[in-house]
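Colleague: Take me through the labels on this model. I want the cut-off behind each one.

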Amino acid sequence: MNVGDLRTMYVAELQELRSVEDQLVAALPKMAQLVEHPQLRQALKRHLAETESQRNRLDELLKRHNATPTAHEDSSMRAIIREADRWAGMVSDADCRDAGIIASAQRVEHYEIAVYGTLATWAQQLGLAEDHGVLRTILAEEKRTDAALTRLAEGGVNREAAEDAAPEGEGYMARSREVLGEAGSYVRSSARPVTHTIEDFPVAAVVLAGAAGYLMAYLAHAGGTDRSRQRAPEYAWDTGYSGRPRAF
Ligand code: FE
Ligand code: FE
């Protein structure tokens with residue numbers, strides 16, 4: 001296909017995007033079936049319904065451009081889903097598999113966010129206000145799904161997988177995090193009085209710092225560089241008119 005203008009490219013990408021949604025409609029039920037975590041399964045099922053609606057909305061847009069919905073297959077999405085399948089088949093631990101399925105689902109969402117973002121911008125540049133509105137709405141839905149998956153991962157799914165993977169190691173890690181946390185709080189609490197004193201008496205702090213610097217310089221150089229206290233070697237004496245030797 002030879003693409004010579006932005007509008008043709010936009011429609012071709014819209015067809016690719018429709019293929020993305022279509023592939024996801026087929027993949028999400030399988031992913032949801034493999035999941036153990038009830039909230040994660042619920043989130044995937046909810047997104048399946050949303051994805052079907054997104055595919056329908058893209059069909060509507062393509063109809064307006066007189067373009068066939070199934071003209072292109074998105075091979076990047078095909079590869080992402082193939083990898084997700086392969087991983088899910090390799091992981092035997094249920095919590096670990098849930099964490100892996102979240103990772104795969106977020107790969108999909110990030111890919112969709114990238115494509116919807118680009119196409120929304122192109123639609124705006126082409127003056128296609130209606131397309132722009134639809135694409136922006138779907139973009140927001142994809143972002144919401146991604147955020148929901150992040151919350152599920154951070155809210156326990158990944159932690160449960162990590163606990164299953166290394167119970168003893170996790171104990172040590174938890175203890176070291178505790179110790180490091182305590183050490184951090186000691187450093188912070190000892191630094192606080194100094195900071196407060198400086199904030200309360202800024203002029204006194206500057207004067208004290210200057211005095212301390214002067215004292216250190218005096219101690220470092222006293223007796224070491226004061227020429228009047230040094231005895232000059234004999235060859236350096238200048239007898240002058242008085243005939244008395246004096247040191248430079
Ligand atoms: Fe989608
Ligand atoms: Fe999505």
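Modeller: What follows goes label by label.

This is a predicted model, where local features need pLDDT of at least 70, side-chain atom pairs count only at pLDDT 80 or more, and totals for chains, interfaces and linings use all residues. Residues are numbered from 1 along each chain as its sequence is written, chains are lettered from A and ligands numbered from 1 in the order in which they are written, and side-chain values use heavy atoms, with hydrogens and water left out.

Colleague: What makes Glu21, Gln54, Glu112 and Glu142 donor residues of the iron ion (ligand 1)?

Modeller: Distance. Donors are N, O and S atoms within 2.8 Å of the metal (3.2 Å for Na, K and Ca). Oxygens of Glu21, Gln54, Glu112 and Glu142 sit at 2.0 to 2.3 Å, so they qualify. Glu21 is listed twice. Water is not among the atoms, so the site may look incomplete.

Colleague: Which residue coordinates both iron ions, ligand 1 and ligand 2?

Modeller: Glu112 does, and the ions are 3.1 Å apart.

Colleague: Why say that Glu21 and Gln54 tie parts together?

Modeller: Glu21 lies in helix 1 (residues 6-34) and Gln54 in helix 2 (residues 38-64), so the pair links parts 33 residues apart in sequence. Helices here are DSSP runs of H or I, at least four residues, numbered from the N terminus. Both Glu21 and Gln54 are buried.

Colleague: Why is Thr118 called partly exposed?

Modeller: Buried means under 20% relative accessible area and exposed over 50%, with partly exposed in between (1.4 Å probe, protein chains only). Thr118 has 37%, so it falls in between. Its place is in helix 4.

Colleague: How do you know that the span of helix 1 is close to the expected one?

Modeller: The expected span is 1.5 Å times one less than the number of residues. For the 29 residues of helix 1 that gives 42 Å, and the helix reaches 41 Å from its first C-alpha to its last. Helix 2, with 27 residues, reaches 40 Å against 39 Å expected.

Colleague: Where does helix 1 bend?

Modeller: At Ala27, by about 30 degrees. The bend is the angle between axes fitted to the seven residues ending there and the seven starting there. Pro29 follows within four residues.

Colleague: What is Leu58 in contact with, leaving aside its neighbours within four places in sequence?

Modeller: Contact means heavy atoms within 4.5 Å. The partners of Leu58 are Leu14, Leu17, Arg18, Glu21, Tyr116, Leu135 and Ile138. Leu58 is also one of the buried residues of helix 2.

Technical notes:
Helix = DSSP H or I, 4+ residues; strand = E, 2+ residues; numbered from the N terminus.
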